[in-house]
Amino acid sequence: MSSLPAEATAALLALLQSLTSPDNNTRSTAETSLNAEWISQRLDFLMLGLAEQMLMSEDQTLRSFSAVLFRRIAAKQPDDSEVLTSRLVDKLTPEVKAKIKEILLQALSNEQVNDTRHKICDTISELTFGTSDRWPELLEVLFQATKSPAAGLREAAFRIFAASPTIISKQHLPAVANVFREAFQDPSEDVRIGAIVAYTALFETLNKSSWPTLQPLLPDLLNVLPPLNTPEKSDQLTSTLSPLLDLAALAPKLFRPMFKTVVDFGISVIKNKEMESTARQTALELLTTFADEAPGMCKKEPTYATSMVVQSLAMMTEVGEDDDDVATAWREDDDLDSDDADSTHVAARQSLDRLAVKLGGTTLLPPLFQWLPQMVASSNWQERHAALMAISAFAEGCRDVMMSELSKVLDMVLPLLQDPHPRVQWAACNAVGQMSTDFADDLQRQFGDHVLPALIHVLESPEPRVQAHGAAALVNFCEEAEKETLEPFLDNLLSHLMVLLQSPKKYVQEQVLTTIAIVADAAETKFAKYYDTMMPILFNVLQSDTGKEYRVLKAKCIECSSLIALAVGREKFSGLSQQLIHTYATIQSSITDSDDPAASYLIQAWGRICRVLGKDFLPFLGGVMPPLLEVGKTKPELQLIDDAADAENFDQEGWDLVPVQGKHIGIRTSLLEDKCTAIELLSIYASELGGGFEPYVAEILNDIVLPSLSFFFHDGVRIAAAQAIPHLLSAVKDSGPANTAKLAEYWRQIVTKLLEALTNEPFVELLTCFYTTLYQSIETIGIHSLTQDDMEKFVQSIISNMGDYLERVKSRSGQEDEYEDYAEEDKDEDMLIDEELVSEVNKAIHSVFKAQRTSFLPNFEKLLPLLTELVARAEVECREFSICVFDDLIEFCGPDAWRYQEVYLQPLATVLNDQNAALRQASAYGFGVAAQFGGEAFATIVASVVPHLFAIIGVPDARNEENVHATENASAAIAKILRFNGSQVANVDTVIDAWIQTLPIVNDEEAAPYAYSFLVDLIEQHHPAIPNHIPHILESVKKALDAKSLQGATAERVIRAVQG
């Protein structure tokens, strides 16, 4: 019996009938009524009535539609809420919601039609999302359903478990494990598949401590797969393998006991061409995921690498057909991405790329080169094509091992640039282009005289698609080439490119313009001889009314002309600069469509012209800045997608989907890339134009840069905003003393925002960037730039962030994870990211000590426990961090640093003899500044370490790349000790005589001035050691001057001394 008044039920039924009417006007009126009357005014009645229709209606179509509509409305964001994840269902009264839950459980049990039951399941799952409401009855009903004699109800239970795994708590896991075990052996195929989906969904929600309860079920799960390995069950196999992808990514080593079985099964699916391509590709993706997440496990399985290589290569031959009509269609297709339509071929190529990155050349190249030579020589064009695309795919990951074989690989690839089949020529261009990037700059330097002529010859191909791809490969080559490599070929290259500019194919013209632009950028001033020929051609296009179909071509001309201007330089460009600027301005004023590519190309081009003209660009800012500021102020364009099916089918170019609490939020990332570029260009303008850019700084800071620091939709925007800050501050500072108050005001806004970000930011790369911005800004502002509150927050951020760093260090040095395979490559990458963070924190501390001096000490003392812990660890990076901070303490606080000597003196002395050169360098520097700034308290200590400093200089290979900075810092430190504390050094004249022989200093521009200034003092004092070493002194001075480690006033003083 209905809980609603009869008239409400009748009105709802009428509404539902109208909503499903074939008449558009009737449906439109009903939609208006639904939103304006029912959802806004009678939500409880509406949702309760829909639930009742799912249970009580005799019309199966109406039951199904009611479930769909209920779910759509439940997930909808209320009009009065700005929270994207809020839902209308949460506005229901507790009593109504409880009644709805009761009705839905009855509807689930009563429904006999599978499709409708599935919709009711999805509705039940919707009620479990994002709510703290308890629903204990649901779990009880689902457990009962798993034992139902009706297979459809058993399958429905697992459908709900899969969609709402969080309803299962830890205390229920033993019982759930038994339920899954029985389900994996269920006579119904649908139940078995549903159980696998639910099992993987549940696994993803559990802590690792709970995994052992479910791990023993994995063999039973895998036994579900073999019966599905038939062509007629391809769809079911795909549905079963897909959830295993997530499980393999989450806990790959879970599969270790039966990994060989999994590999063999996956290979059997991949190689079976009778199976649907989606099933084969899913099996390939599963096995590739193991390489991504557990490369060590894959390397230990003897058959894995060979089997994956063989099957990937085989799948890559599944491209195109020999039919003449198909070949003609490829030639005439102006869609240059049409090769990616061969999804099997693309999936295999991408798999090979990932295998190479994770397994490396030592594992992958032997099986690859067992097959590649015969594929290259094959009479079958698909095999030759596959071999070339394979080389494109694995070159990056196998780079280190392939370097020694690069000549042989090129011998295979370059002849195929003239293959009789155009698609093989295209693939050869692709391989050469990719190798030009992956082996830069070795390929350009060692093999440029072979590769460039071969690519130039490709431009003569009669096939436009080959011409365009050959020109694209030249972009890759030239981007990494030195101008000396290009110069001998420029005439031939540009004459070929000029011919192709007359191509009837627009995409060829567009690519050639890009290639010419990159050639100019690489050739720099060497391009000047072609400037007078190229610019009139570009002006002809830029000044023509070409219509919409040629908008991209015009945009490419904008790019090309601006890059040529940048390449040839101010003097050559000046004659046409006014004409080009006027032309750009005319184009900019004529843009009416938001999707006109000229707009974004102009933004970049103006930046290049500014770099060429410098401050002479200032008069043009008035026209350039408005569109740039508009892009910089872009707000995120978001789209809320409530329905899971809509999210699954969402495929809009330039958009990304992010799942949030059962919903999906679409973010238009293409706009955000433009925003990022705009902020980067604002940095360029501020840097190039200095004080002349000051009038724009307030608007940029307040409306763009500071809000963008917390622009969580795009990390690139946040990084660009942070990097812009020091340039903006410098522009204000350069504008003169009249803006001192403005500078202080801006700095106060900035430092507040930065310190907040340093305290709350979870991402290491962004933290690193924020610390960089902080110390660069402090260097711009100068002394006493921080308040005591600022310093307190700064120190707290370091304690927090370095504490997190320390935990990551301990984690990396800990025991092997039972379920995950933390690859050495990943460890190395994580370590590099952390090392960069530590380096930038060190620089930030340095800048604060330099700006604040002893006023920083009360806050610095709070860092001592952290510094003490780090300096005692085995990791070099930890100890180096502390030693560098101690160096700054001594350098900028002088005698006041002595009060902390018990913390740092022993570590400084200990690492003087360390095997690690970076530690020796940091310690030597510390004792040098102690002599220079520390005063009498340090005099005896620094004198006592002189023998240890000479020992640093005396290590084997003291001047090689690894040791030279430690050697030179030790030499400079001895000079400082002798100069400031010479009275404490025993046998000082003998020490001076020995010290002179430690010169030259040619690498360290900071150390050299101190050492050579002391040398000049000795010369001017006529020290008796000088005559004994005149040839060595002259030679060491010459080397320092040649290396430019000596410059400016110090260099002039040294030159005068040695000449005298």
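**Exercise 1. Charges over rings**

Find the ring that lies under the charged end of Lys-506 in this predicted model, and then do the same for Lys-675.

*Solution.* Start at Lys-506: its charged end sits over the ring of Tyr-550, 6.0 Å from the ring centre. Next, go to Lys-675. Here the ring belongs to Phe-711, and the charged end of Lys-675 is 5.0 Å from its centre.

**Exercise 2. Describing an aromatic pair**

Describe how the rings of Phe-203 and Trp-211 are arranged, and decide whether these two residues are buried or exposed.

*Solution.* A pair of aromatic rings is described by two things, the distance between the centres and the angle between the planes. The whole structure holds 28 aromatic pairs. In the pair of Phe-203 and Trp-211, the centres are 5.1 Å apart and the planes make an angle of 40°, and the pair is classed as tilted. Now for burial, where the cut-off is under 20% relative accessible area. Phe-203 has 0% relative accessibility, so Phe-203 counts as buried. Trp-211 has 3%, so Trp-211 is buried too. Finally, look around the pair: ring pairs link both residues into a cluster with Phe-143, Phe-158, Phe-161, Phe-180, Phe-184 and Tyr-199.

**Exercise 3. A pair between two helices**

Work out which helices are tied together by the pair of Tyr-584 and Trp-606.

*Solution.* First, the geometry: the centres of the two rings are 5.4 Å apart with 90° between the planes, an edge-to-face pair. Second, the location: Tyr-584 lies in α31 (residues 570-590) and Trp-606 in α32, so the pair ties together parts that are 22 residues apart in sequence. Third, the surroundings: Tyr-584 and Trp-606 are both buried.

**Exercise 4. The cavity beside Trp-606**

Say which helix supplies the largest share of the lining of the largest cavity, and what classes of residue are found in that lining.

*Solution.* Begin with the search, which finds 1 cavity of 30 Å³ or more in the whole structure. The space in the largest cavity is about 40 Å³. Trp-606 is one of its lining residues, and others include Gln-588, Leu-602, Val-624 and Tyr-685. Both α32 (597-613) and α33 (621-632) supply at least two lining residues, with the largest share, 4 residues, coming from α32. Sorted by class, the lining has 8 nonpolar residues, 1 polar residue and no charged ones.

**Exercise 5. The span of a helix**

Compare the span of helix α40 with the expected span.

*Solution.* Helix α40 covers residues 788-812, which is 25 residues. From first C-alpha to last, α40 reaches 36 Å, close to the 36 Å expected at 1.5 Å a residue. Among the buried residues of α40 are Phe-794, Ile-798, Tyr-805 and Val-809.

Key: Residues are numbered from 1 along each chain as its sequence is written. This is a predicted model: local features need pLDDT of at least 70, side-chain atom pairs count only at pLDDT 80 or more; totals for chains, interfaces and linings use all residues. Side-chain values use heavy atoms; hydrogens and water are left out. On a 1 Å grid over the protein atoms alone, a cavity is a set of points where a 1.4 Å probe fits but cannot get out, and a pocket is an open set with protein on both sides within 12 Å along at least five of seven lines; lining residues have an atom within 4 Å of a point. Grid points are joined across faces, edges and corners, and a volume is the space filled by probe spheres set on the points. Ala, Val, Leu, Ile, Met, Phe, Trp, Tyr, Cys and Pro count as nonpolar, Asp, Glu, Lys and Arg as charged, and the others, Gly among them, as polar. The expected span of a helix is 1.5 Å times one less than its number of residues. Buried means under 20% relative accessible area, exposed over 50%, partly exposed in between (1.4 Å probe, protein chains only). Rings of Phe, Tyr and Trp (its six-membered ring) pair if their centres lie within 6.5 Å; planes under 30 degrees apart count as stacked, over 60 as edge-to-face and the rest as tilted. A charge sits over a ring if NZ of Lys or CZ of Arg is within 6 Å of the ring centre and within 35 degrees of the ring normal.
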